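These are my notebook entries on a structure that I had not examined before. I set down what I looked up, entry by entry.

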Amino acid sequence: MTVDRRYHRAASVTTTDRRQPPYDLRVVHNSFDGEIPDSLFSLTSLVRLNLADNNFSGQISPSFNKLIRLGTLYLQDNHFSGQVPDLNLTGLTQFNVSNNNLTGEIPQNLSGKPRDSFLGNSLCGSPLDSCGGENGGGNGGGKSKKKLSAGAIAGIVIGSILGLLLMLLLLFCLCRVCAGKRKNSKDEGVANVRDLEVPPEKMESEVKNGAAGGSFAAALGAKEKSKVVVDGKKGLVFLGNTGWNFELEDLLRASAEVLGKGTFGTAYKAMLETGLPVVVKRLRDTNMGEREFREKMEEVGRLDHENLVPLRAYYYNREEKLLVYDYLPMGSLSALLHGNKGGGRTPLNWETRAAIALGAARGISYLHSQSLTLSHGNIKSSNILLNTSYEARVSDFCLAQLAGPTTTPNRVAGYRAPEVTDPRKVSQKADVYSFGVLLLELLTGKAPTHSLTNEEGVDLPRWVQSIVKEEWTSEVFDLELLRYQNVEEDMVQLLQLAVDCTAPYPDKRPSMAEVCDKIEEIYRSNVQDRRSGDIINLEEPQHHTGS
Ligand SMILES: Nc1ncnc2c1ncn2[C@@H]1O[C@H](COP(=O)(O)OP(=O)(O)OP(=O)(O)O)[C@@H](O)[C@H]1O
């Protein structure tokens, strides 16, 4: 069927004279789809054309201009798209293209038609709103669109750019804040971290060779560039009931001198402005994480015995780890035994040595009693410190695990039990061995291998074993001890205990509690001897010049 036939069939043709061509064509509701066929435009006599409410699509052809007699053109409620053609039909009084998909500007010739004729499209221009403004009136529905003026577009573009810049700026600020926070959390997650500047010249002159008078901050900074990272909030952590009340900054201001370099780092004596002297150990190369470190410090801080040098406080940050102890003015047993050999040193008598041995044994035995896995780990004469009454205080206990990869294991080689391969893993039996070497050192006055910086020292257990027992007295004991009579038997007993402690097989060694009991027994007999009044006057404390 041709389109023409379709039209003729469906159209209700209104004509009085059947010989006349149709002048009124109405297409039945919803009957047609597709584009309007060109043949329609040959019906030039048409006066009324009503194609409303169908499914016509495509463009509205400008060929409607051929229907020069057209007074009514109803195209509403279809699917026409594209622009409204410029219809120059002077008789066209009824015109409606509403509710299609038409776009663009309404041609000048149709601008006099009522608004309703154009609604429901995306059209603009008179009689609707001007192009660039709102069109379609209030009931344009979803089909209405904006057509923006150049000024509006420029405004939107500039606004968008400014908005984008603002967002970038905000993003940048946010990143800076986050980066700042991350940095702070690196330095213990605390604000208030700052650097103490120490002039390098000051550091050099003040701390050179451990000379006293330089500030502790300078001492810490001496080998670094010139900065010490100080964390003002998470400062010193005090352990136990010290009664101490000072801040890290007070410590950094304190005058300091180097006491010596040990296995774990350097020890400083710091004199606070209040006159309180403390010892600060600056740990080197500690691999331990913060949490583990703090837990370890709390554990060590809980250990409390009269023959121990308690850990009073600590400081932790990624760069610096400091341990704070009491300062013991009489120094170490090592300094007493081996220092000032040239002269000016009062020899250590037997009773003082026996008392030191007993005090040290008690301190270590206490440690072992706390837990089967707890050991000192670094027993040697420089870690046996003395108070003003020459009572022994064991220091540096339970720190073996803190030792970093660059520690100097040689320094403890002479005290180390043969089975110890990793100095960070030391058993109680290994402690007993080290204590045995310490007893041998006390009795012979000789320093064990590598225990002194300048001297080679002796492999004490081996050396003593190489001497036949009968010759122990004259060959083995420190000459300073030989002048005391009636104590020979006690000395031999202590020497035998030392030999037992240094047995190559850990199982053959006594426990620290047994060692303690034995020394007490020897010491008691010594006191009885003293009561019988046959040796030196022990009522007066003797003075020794430690180095
Ligand atoms: N609390 C203290 N009071 C007085 N002197 C101390 C104190 N602590 C340590 N010293 C002395 O400071 C010096 C250095 O001590 P430090 O403990 O750092 O090294 P060390 O004992 O030689 O070796 P290690 O680190 O293996 O124990 C030693 O001569 C030591 O006797």
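**Entry 1: helix H9 and what follows**

I began at the residue just after H9, Gly445, and found that Gly445 takes a positive phi of about 75°. The model is predicted, and I read each value in these notes as computed from that prediction. I then looked up the helix itself. H9 covers residues 428–444, which is 17 residues. From its first C-alpha to its last, H9 reaches 24 Å, close to the 24 Å expected at 1.5 Å a residue.

Why do I call H9 largely enclosed by the rest of the structure? I noted that 17 of the 17 residues of H9 are buried, so the helix is largely enclosed.

Further along I stopped at Pro448, whose place is in the loop between H9 and helix H10 (460–465). Pro448 counts as buried because 25 C-beta neighbours lie inside 10 Å, where 20 or more suffice. I also looked up its distance to Leu438: the two are 10 residues apart in sequence, and their C-alpha atoms are 8.4 Å apart in space.

**Entry 2: Arg509**

I next located Arg509 in the loop between helix H12 (488–501) and helix H13 (512–531). Is Arg509 buried or exposed? Arg509 has 23 C-beta neighbours inside 10 Å and therefore counts as buried. Leaving aside neighbours within four places in sequence, I listed the contacts of Arg509 as Lys429, Val432, Tyr433, Asp500, Cys501 and Ala503. I recorded one distance as well: Arg509 and Leu497 are 12 residues apart in sequence and 9.5 Å apart from C-alpha to C-alpha.

**Entry 3: the ligand and Lys281**

I turned to the surroundings of the ligand. How many residues surround it? I found 22, and the closest are Leu259, Gly260, Gly262, Thr263 and Ser332. The shell divides into 9 nonpolar, 9 polar and 4 charged residues. Strand S13 (255–261), strand S15 and strand S17 (321–326) each supply at least two residues of this shell.

I then asked where the ligand lies with respect to the domains. Domain 2 (237–326) and domain 3 (331–530) both give residues to the shell, so the ligand lies between them.

In the UniProt record, an unreviewed entry, Lys281 is listed for "binding site". I found Lys281 in strand S15, which covers residues 277–283. Lys281 is buried because 23 other C-beta atoms lie within 10 Å. Its contacts, apart from neighbours within four places in sequence, are Phe264, Gly265, Ala267, Leu322 and Leu323.

**Entry 4: backbone details in loops**

I looked for unusual backbone values and noted three places. A cis peptide bond joins Ser126 and Pro127, with omega about 5°. Pro127 has its place in the loop between strand S9 (122–124) and helix H2 (150–186).

Asn99 has a phi near 55°, a positive value in a residue other than glycine. I found Asn99 in the loop between strand S7 (94–96) and strand S8 (101–105). Asn99 counts as buried because it has 20 C-beta neighbours inside 10 Å.

Tyr390, which is likewise not glycine, has a positive phi near 65°. Tyr390 is in the loop between strand S18 (384–386) and strand S19 (392–394). With 21 other C-beta atoms within 10 Å, Tyr390 is buried.

**Entry 5: residues 152–172**

The unreviewed UniProt entry annotates residues 152–172 as "transmembrane region". I checked the form of this span in the model: it is 100% helix and 0% strand. Its end C-alpha atoms lie 30 Å apart.

**Entry 6: Leu43**

I placed Leu43 in the loop between strand S2 (33–34) and strand S3 (48–50). Leu43 counts as buried, with 20 C-beta neighbours inside 10 Å. Leu25 is 18 residues away along the chain, and 9.6 Å separates its C-alpha atom from that of Leu43.

**Entry 7: the protein as a whole**

I closed with the totals. I counted 13 helices and 19 strands in the protein. Of its 547 residues, 37% count as buried. Among contacts with a separation of 6 or more, 52% are between residues 24 or more positions apart.

Notes. Residues are numbered from 1 along each chain as its sequence is written. This is a predicted model: local features need pLDDT of at least 70, side-chain atom pairs count only at pLDDT 80 or more; totals for chains, interfaces and linings use all residues. UniProt positions are given in the numbering used here, feature names are shortened, and annotations may be inferred rather than shown by experiment. Helices (H or I, at least four residues) and strands (E, at least two) are DSSP runs, numbered from the N terminus. A residue is buried if 20 or more other C-beta atoms lie within 10 Å of its own, exposed if 12 or fewer, and partly exposed in between; C-beta atoms are placed from the backbone. Two residues are in contact if their C-beta atoms, placed from the backbone, lie within 7 Å. The expected span of a helix is 1.5 Å times one less than its number of residues. A residue is near a molecule or strand if its C-beta atom, placed from the backbone, lies within 6 Å of it. Ala, Val, Leu, Ile, Met, Phe, Trp, Tyr, Cys and Pro count as nonpolar, Asp, Glu, Lys and Arg as charged, and the others, Gly among them, as polar. Domain bounds come from an automatic or database domain assignment.
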